[in-house]
Amino acid sequence: MKLSQFKFKLPEELLADRPVQNRDESRMMVLNRATGEIEHRIFKDIINYFGDGDIFVFNDTKVFPARLYGNKEKTGARIEVFLLRELNADNKLWDVLVEPARKIRIGNKLYFGEDESMVAEVIDNTTSRGRTLRFLYDGPHDEFKAALFKMGMTPLPEYIKREPEPDDAERYQTIFADKEGAVMAPAAGLHFSRELLKRLEIKGVHQAFMTVHSGLGNFREIDVEDLTKHRMDSEQMEITQALVDMVNGVKDREHRVCAVGTSVLRGIASAVSMGGHMKTFSGWSNKFIFPPYDFTVTDALVTNFHLPYSVMLMMTAAFGGYDLVMKAYDEAIKEKYRFGAYGDAMLIV
């Protein structure tokens with residue numbers, strides 16, 4: 001497959017910059033891979049497509065307030081710092097992106113907060129935009145993290161052009177978010193309300209969780225036409241024995257496994273074992289999925305409508321079939337579905 005095969009014209013007004021009022025009342029397009037049929041539903045109708053013994057696998061990663069604004073020593077220049085991940089808790093080292101990168105050098109100090117009480121020193125260059133910061137803070141680690149995150153803002157995707165608002169701290173987070181570490185919300189999971197999860201549970205649909213700390217690599221522009229030459233950024237994943245036992249049991253009883261989000265789809269594919277089963281996985285994966293791809297564990301996928309050229313679109317097309325998914329995207333634009341993390345949903349069965 002070529003990068004250019006994932007080009008389409010997305011009208012700017014279809015990029016959702018705010019969520020719908022109720023999580024489970026987004027629109028939902030349903031694709032049937034066997035028949036090629038396309039249906040238009042409301043998200044909470046998803047309960048009608050699954051039954052007793054099926055399983056939903058969710059990503060329980062938790063987004064942290066990763067975007068900070070600080071001032072450079074001496075010049076006072078405003079610097080945006082995007083926290084990517086903590087490298088060393090004892091030394092308070094963080095891998096970050098900085099903008100404008102050209103103004104920041106090793107040895108520079110940055111000051112954060114209205115009283116500039118949080119100070120960080122640049123100790124390394126990791127990429128052209130990336131730096132390693134050492135935060136100079138004497139208190140215990142928990143206290144440091146709390147102070148740092150209090151200054152941070154919700155890391156909304158760059159295509160959302162407004163500033164984060166108080167509601168985003170809750171809405172750009174799933175209701176089951178638990179393991180802190182993502183700078184990007186697992187968007188498909190945002191559609192699930194407590195009421196919908198309870199109704200699924202009553203119907204006998206199992207619920208299981210893996211952790212995939214989604215990173216900015218999902219938004220990084222692909223700069224090669226031949227997709228076999230693209231290298232994904234690695235993401236940290238945790239797939240426990242409890243999840244593996246549940247999924248393998250569902251497969252053995254010939255019920256269906258539904259991945260909620262492309263992060264889960266990638267996670268399951270990273271932990272496939274023989275005979276259509278899963279095995280445990282703990283570590284980093286840079287698995288890049290694009291058509292054609294043979295999925296042996298996952299039977300259904302919940303995802304959002306993604307941007308042109310994105311790795312999430314490529315994964316969706318790999319699962320749903322390139323022709324059917326691109327046809328569905330044409331229809332989504334005609335029917336004015338909302339795209340992006342705060343947008344509408346697609347269910348592929």
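**Exercise 1. Place Val-57 in this predicted model and describe its surroundings.**

Step 1. Begin with secondary structure: Val-57 sits in strand E3, which spans residues 55-59.

Step 2. Next, check accessibility. The relative accessible area of Val-57 is 1%; buried means under 20%, so Val-57 is buried.

Step 3. Now look for partners far along the chain. Gln-207 is 150 residues away in sequence, yet its C-alpha atom is 6.1 Å from that of Val-57.

Step 4. Finally, list contacts beyond four places in sequence: among them are Ala-208, Met-210, Leu-243, Val-247, Cys-258 and Ile-268.

**Exercise 2. Is Asn-59 buried or exposed, and which side chain does its own side chain meet in a polar contact?**

Step 1. Asn-59 also belongs to strand E3.

Step 2. Its relative accessibility is 1%, so Asn-59 counts as buried.

Step 3. Follow the polar atoms of the Asn-59 side chain. One lies 3.1 Å from the backbone nitrogen of Thr-61, and the side chain makes a polar contact with that of Ser-263, at 3.1 Å.

Step 4. Complete the picture with residues in contact with Asn-59 outside its sequence neighbourhood, including Thr-174, Phe-176, Pro-186 and Val-264.

**Exercise 3. Trace the barrel and find what packs on its sheet.**

Step 1. Follow the 6 strands in the order E5-E6-E7-E10-E9-E8; they form a closed barrel with antiparallel pairing.

Step 2. Neighbouring strands are turned by 45° against each other on average, direction ignored.

Step 3. Zoom in on one pair: E8 (109-112) and E9 (118-125) are joined antiparallel by 4 bridges, and Tyr-111 has Val-119 in E9 as its bridge partner.

Step 4. Add helix H1 (141-151), which packs on the sheet and touches E5, E6, E7, E8, E9 and E10; the directions of H1 and E6 make an angle of about 150°.

Conventions: Residues numbered from 1 in each chain as written. Predicted model: local features only at pLDDT ≥ 70, side-chain atom pairs only at ≥ 80, totals over all residues. Heavy atoms only, no water. Pairing = 2+ DSSP bridges. Helix = DSSP H or I, 4+ residues; strand = E, 2+ residues; numbered from the N terminus. Axes fitted to C-alpha atoms, helices over the stretch in contact; angles between N-to-C directions. Contact = heavy atoms within 4.5 Å. Buried < 20%, exposed > 50% of the residue type's maximum accessible area, 1.4 Å probe, protein only. Polar contact = N/O pair within 3.5 Å; in protein donor to acceptor, adjacent residues only side chain to side chain.
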